[in-house]
Amino acid sequence: MDAKIINAFLTEGINTFQDMFNIGPQNKEPHLLDIHAGHPWEISGLLGVTGEIKGIVAFRLHKILANKMLELSGLKCKPEDYEDMAVGLVSEFTNIISGHAVTALSQYKMDISPPFCVMGHNHMIAWPKNYPVIAIPFVTSYGPFEVDVCFK
């Protein structure tokens, strides 16, 4: 996988988090993800990428950080709608990071699918077989998150 692609998602993860929530995440070293190992994430915002480059992008985090993002966004909702709103915000955040990264990679012809979320402790993602998944971890004062990318 081209480092230029990974760097686009890393840069946009930082910039978008800063712009939307005024929180400066610090990235840690990207690494290969073992897709068969368990993980700590409770929410994954996912979308597909098609075109010259095909694959999956996942924005993964804990509910505590998703709730803080919702609080910092200024969106108001009823307590009973809070979890649904937080999941919607994660979906939109995933869409924004990916949209900005695809724009930064305009030399490739790519399209992105609408985002969707998977929830639950240690949930499974059907990553493409025989292609590496690169995990780009970040830390914030409100908890960690990760952007995982897998492209054919």
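**Exercise 1. The loop that holds N130**

Task: In this predicted model, find which loop N130 lies in, and decide whether N130 counts as buried or exposed.

Solution.
- Step 1: Begin with the place. N130 sits in the loop that runs between β6 (116-119) and β7.
- Step 2: Turn to the backbone. The phi of N130 is near 65°, a positive value in a residue other than glycine.
- Step 3: Recall the background. Most residues other than glycine have a negative phi.
- Step 4: Check the surface. The relative accessibility of N130 is 78%, and the cut-off for exposed is over 50%, so N130 counts as exposed.

**Exercise 2. Another positive phi**

Task: Where does N22 lie, and what is the approximate phi of N22?

Solution.
- Step 1: N22 belongs to the loop between α1 and β1 (26-27).
- Step 2: Although N22 is not a glycine, its phi is positive, at about 55°.
- Step 3: N22 has a relative accessibility of 63% and therefore counts as exposed.
- Step 4: Now set a glycine beside it. G74, found just after α2, has a positive phi of about 85°.

**Exercise 3. Q18 in helix α1**

Task: Which residues does Q18 contact once neighbours within four places in sequence are left aside?

Solution.
- Step 1: Locate the residue. Q18 is part of helix α1, which covers residues 3-21.
- Step 2: List the partners. With those neighbours set aside, Q18 is in contact with I23, G24 and P25.
- Step 3: Classify the exposure. The relative accessible area of Q18 is 32%, so Q18 is partly exposed.

**Exercise 4. How α2 packs on α3**

Task: Describe the packing of helices α2 and α3: at roughly what angle do their axes cross, and which residues meet?

Solution.
- Step 1: Choose the descriptors. Two packed helices are described by the angle between their axes and the distance between the axes.
- Step 2: Read them off. The axes of α2 (residues 63-73) and α3 (residues 82-104) come within 9 Å, with a crossing angle of roughly 85°.
- Step 3: Name the arrangement. Angles of 65 to 115 degrees count as roughly perpendicular, so α2 is roughly perpendicular to α3.
- Step 4: Find the residues. From α2 come K63, A66, N67, M69, L70, E71 and S73; they meet Y82, E83, M85, A86, L89, V90 and F93 of α3.
- Step 5: Sort them by class. The contact of α2 with α3 has nine nonpolar, two polar and three charged residues.

**Exercise 5. Inside and outside of α2**

Task: Which residues of α2 are buried, and what covers them? Then work out how K63 counts by accessibility.

Solution.
- Step 1: The buried residues of α2 are L65, A66, K68, M69 and L70.
- Step 2: Their cover includes α1, β3 (43-51), β4 (55-61), α3, β7 (134-140) and β8 (143-151).
- Step 3: K63 also has its place in α2. Its relative accessibility is 34%, so K63 counts as partly exposed.
- Step 4: Look at what K63 touches. Not counting residues up to four places away in sequence, K63 touches E42, I43, E83 and M119.
- Step 5: Take one of those partners, I43. K63 and I43 are 20 residues apart in sequence, with a C-alpha to C-alpha separation of 6.8 Å.

**Exercise 6. I136 in strand β7**

Task: Is I136 buried or exposed, and what does I136 touch?

Solution.
- Step 1: I136 is located in strand β7.
- Step 2: With 0% relative accessibility, under the 20% cut-off, I136 therefore counts as buried.
- Step 3: Leaving out residues up to four places away in sequence, I136 touches I6, F9, L10, P30, F145, E146, V147 and D148.
- Step 4: For E146, one of these partners, the C-alpha atom is 5.5 Å from that of I136, although the two residues are ten apart along the chain.

**Exercise 7. The whole chain**

Task: How many helices and strands does the chain have, and what radius of gyration does the chain have?

Solution.
- Step 1: Count the elements. The chain has three helices and eight strands.
- Step 2: Put them in order. Starting at the N terminus, they run α-β-β-β-β-α-α-β-β-β-β.
- Step 3: Test the radius. A compact globule of 152 residues would have a radius of gyration near 15 Å, and the chain agrees, with 15 Å.
- Step 4: Add the dimensions. Along the principal axes, the C-alpha atoms fill a box of roughly 40 × 30 × 25 Å.
- Step 5: Finish with burial and contacts. Of the 152 residues, 43% count as buried. Among contacts between residues at least 6 apart in sequence, 70% join residues at least 24 apart.

Note on methods: Residues numbered from 1 in each chain as written. Predicted model: local features only at pLDDT ≥ 70, side-chain atom pairs only at ≥ 80, totals over all residues. Heavy atoms only, no water. Axes fitted to C-alpha atoms, helices over the stretch in contact; angles between N-to-C directions. Helix = DSSP H or I, 4+ residues; strand = E, 2+ residues; numbered from the N terminus. Parallel < 35°, antiparallel > 145°, perpendicular 65-115°, else oblique. Contact = heavy atoms within 4.5 Å. Nonpolar A, V, L, I, M, F, W, Y, C, P; charged D, E, K, R; others polar. Rg over C-alpha atoms; globule rule 2.2 N^0.38 Å. Buried < 20%, exposed > 50% of the residue type's maximum accessible area, 1.4 Å probe, protein only.
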